[in-house]
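These are my notebook entries on one structure, kept in the order in which I looked things up.

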Amino acid sequence: MKTLLLRHARVLVTMDDARREIADGAVFVRGNAIEAVGPTDALPTSADEVIDAHDQIVIPGLVNTHHHFYQTLTRALPAAQDAELFGWLRALYPVWARLTPEMVHVSTQLAAAELLLSGCTTSSDHLYLFPNGCRLDDSLDAAAEIGLRFHAARGAMSVSASAGGLPPDELVEDEAAILADTERLIQRWHQPGRFAMQRIVVAPCSPFSVSRELMRDAALLARRHGCSLHTHLAENDNDIAYTREKFGCTPAEYAESLGWLGRDVWCAHCVKLDDAGIRLFAATGTGVAHCPGSNMRLASGIAPIRAMRDAGVPVALGVDGSASNDSSHLLGEMRLALLLQRVAGGALKGPAAMGAREVLEIATRGGAAVLNRDDIGCIAPGMAADIVTVALDEIGFAGALHDPVAALAFCHVPSIRHSIVNGRVVVRHGQITTLDLPRLIERQNRLAAQLAA
């Protein structure tokens with residue numbers, strides 16, 4: 001079994017239970033698992049592959065818990081630049097209706113590459129529309145090729161505008177067909193065990209695009225197969241108003257009534273989750289994917305992450321779709337989360353509201369918990385070998401070497417040096433090793449132009 005030794009890290013941030021930060025740190029990997037962690041002089045001196053990290057900080061691979069990979073094809077479109085959520089969706093639905101299987105495949109790899117180059121090793125992706133023969137399989141094949149650990153969320157929309165929902169008629173699906181395809185995907189792709197590279201998530205899109213019945217039946221299906229559940233919830237004021245008007249309750253109450261609370265559930269955004277909803281999420285272990293960049297871009301508001309964390313709600317990070325964030329940079333999202341919480345108000349205000357090490361924990365261990373995994377999120381023996389190194393000799397870190405860990409959150413970090421996923425080096429010296437990135441970017445730009453024409 002192949003071995004890998006990463007050694008001489010300036011600082012190794014384990015994010016293990018002891019939260020160790022090891023100077024001149026090293027990690028020894030056998031196969032896809034971490035075997036030993038400690039100072040360089042305490043570990044083996046050789047391996048099949050050796051990475052010298054003397055000028056680098058080493059951290060666990062970051063975990064992205066909410067994204068829409070296909071939206072990298074429609075970044076910064078003029079019609080959607082200055083709209084809030086519902087207007088933004090109405091502007092983009094007709095464009096997305098022209099998606100093809102090739103577009104899904106290429107955009108998945110583009111988003112995955114961008115994530116890998118920003119420190120992410122595990123990502124969820126929420127694909128909820130399937131025009132022109134598109135299937136979730138297109139994303140799964142693409143992610144497997146590039147080497148990203150992948151939670152593929154089989155989204156769905158079933159209530160069209162003519163039936164009181166938001167999406168156009170041509171983008172909704174029959175509910176029986178949605179459930180049947182979800183079950184097919186679970187049987188074909190889902191890997192339930194530790195170190196799984198691909199899992200299927202059951203993920204009806206939102207309260208304003210699916211029926212109560214689909215939400216209920218999706219939860220039953222997911223639990224029958226041991227899969228996680230994911231949806232959008234309480235994203236902005238219009239989202240709250242829709243739920244109150246159509247269902248006569250708050251979003252958290254709506255989720256509770258349909259069996260959508262528990263450690264196997266996480267919801268994106270939750271910007272407008274009220275105090276009662278926070279208590280309900282905390283009591284049931286329901287997770288939240290915090291997407292600060294998208295929430296600011298669409299002017300949805302500031303999610304009460306400090307209150308959620310203090311109450312015991314599992315919180316993770318998500319870059320969200322690259323048509324509402326226009327970026328898939330997870331280290332950048334970590335910085336936004338830190339800074340935004342400091343201006344959010346609440347019981348703990350100002351700089352004390354969020355610190356650098358806490359936001360790194362949210363981006364690593366927090367993501368693992370929200371995805372219901374016990375094998376990622378920290379660098380420790382027995383954990384998956386998902387490891388990232390960031391060079392400290394670049395201009396963005398100049399003057400910040402007195403605390404490299406804090407610098408990761410406070411300073412601008414354009415890219416990472418190495419990324420190891422499941423024991424495989426997928427980024428080496430800042431370059432993706434698993435595909436031709438310039439060619440991929442050219443294909444993405446060509447397809448994006450076709451889509452927007």
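Before listing neighbours I fixed the term: I take two residues to be in contact when heavy atoms of theirs come within 4.5 Å. I also noted at the outset that this is a predicted model.

**Entry 1, Ser-322.** I looked up the neighbours of Ser-322 and, leaving aside residues up to four places away in sequence, found that it touches His-67, His-68, Gln-71, Thr-72, Arg-75, Ser-327 and Ser-328. Ser-322 sits in the loop between β13 (315–317) and α11 (330–342), and its relative accessibility of 0% falls under the 20% limit, so I recorded Ser-322 as buried. For polar partners, I found the side chain of Ser-322 in a polar contact with the side chain of Ser-328 at 2.6 Å, and reaching the backbone oxygen of Ser-327 at 3.4 Å.

**Entry 2, Gln-56.** I then turned to Gln-56, which belongs to strand β5 (residues 56–60). Its relative accessible area is 1%, and therefore Gln-56 is entered as buried. Which backbone oxygen lies 3.4 Å from a polar atom of the side chain of Gln-56? I traced it to Asp-52. The contact list of Gln-56, again without residues up to four places away in sequence, holds Ala-9, Arg-10 and Val-11, then Thr-389, Val-390, Ala-391 and Leu-392, and finally Arg-417 and His-418.

**Entry 3, helix α8 and Ala-311.** In helix α8 (residues 275–284) I noted Gly-277, Ile-278, Leu-280, Phe-281 and Ala-282 as buried. Asking what covers these buried residues of α8, I found that the cover includes the strands β10 (229–233), β11 (265–269) and β12 (287–290), together with the helices α7 (251–257) and α10 (305–311). Just after α8, Gly-285 takes a positive phi of about 75°. From the side of α10 I picked Ala-311, a residue of that helix, and found that it touches Ile-278 and Ala-282 when residues up to four places away in sequence are not counted. Ala-311 has 42% relative accessibility, so I entered it as partly exposed. I also looked up the separation of the C-alpha atoms of Ala-311 and Ala-299, which are twelve residues apart along the chain, and read 25 Å.

**Entry 4, positive phi.** I kept in mind that most residues other than glycine have a negative phi. Met-15 is not a glycine, yet its phi is positive, near 55°; Met-15 is placed in the loop between β1 (3–13) and β2 (21–30), and its 5% relative accessibility is why I listed it as buried. Asp-24 likewise has a positive phi, about 50°, without being a glycine, but Asp-24 lies in strand β2 and, with a relative accessible area of 34%, is partly exposed.

**Entry 5, the whole protein.** Last, I went over the totals, beginning with secondary structure, which comes to 14 helices and 17 strands. A compact globule of 453 residues would have a radius of gyration near 22 Å, and the protein has 21 Å, so I wrote down agreement. Taken along the principal axes, the C-alpha atoms fill a box of roughly 65 × 50 × 45 Å. I found 63% of the 453 residues counted as buried, and an exposed area of about 15700 Å², of which carbon and sulfur atoms supply 52%. Among contacts between residues at least 6 apart in sequence, 75% join residues at least 24 apart. My final look-up was charge: there are 40 positive and 51 negative side chains, and the centres of the two sets lie 2 Å apart.

Terms used
Residues numbered from 1 in each chain as written. Predicted model: local features only at pLDDT ≥ 70, side-chain atom pairs only at ≥ 80, totals over all residues. Heavy atoms only, no water. Buried < 20%, exposed > 50% of the residue type's maximum accessible area, 1.4 Å probe, protein only. Polar contact = N/O pair within 3.5 Å; in protein donor to acceptor, adjacent residues only side chain to side chain. Rg over C-alpha atoms; globule rule 2.2 N^0.38 Å. Areas by Shrake-Rupley, 256 points an atom, 1.4 Å probe, with all protein chains shown as cover. Lys, Arg positive; Asp, Glu negative; His and termini not counted. Charge placed at Lys NZ, Arg CZ, Asp CG, Glu CD.
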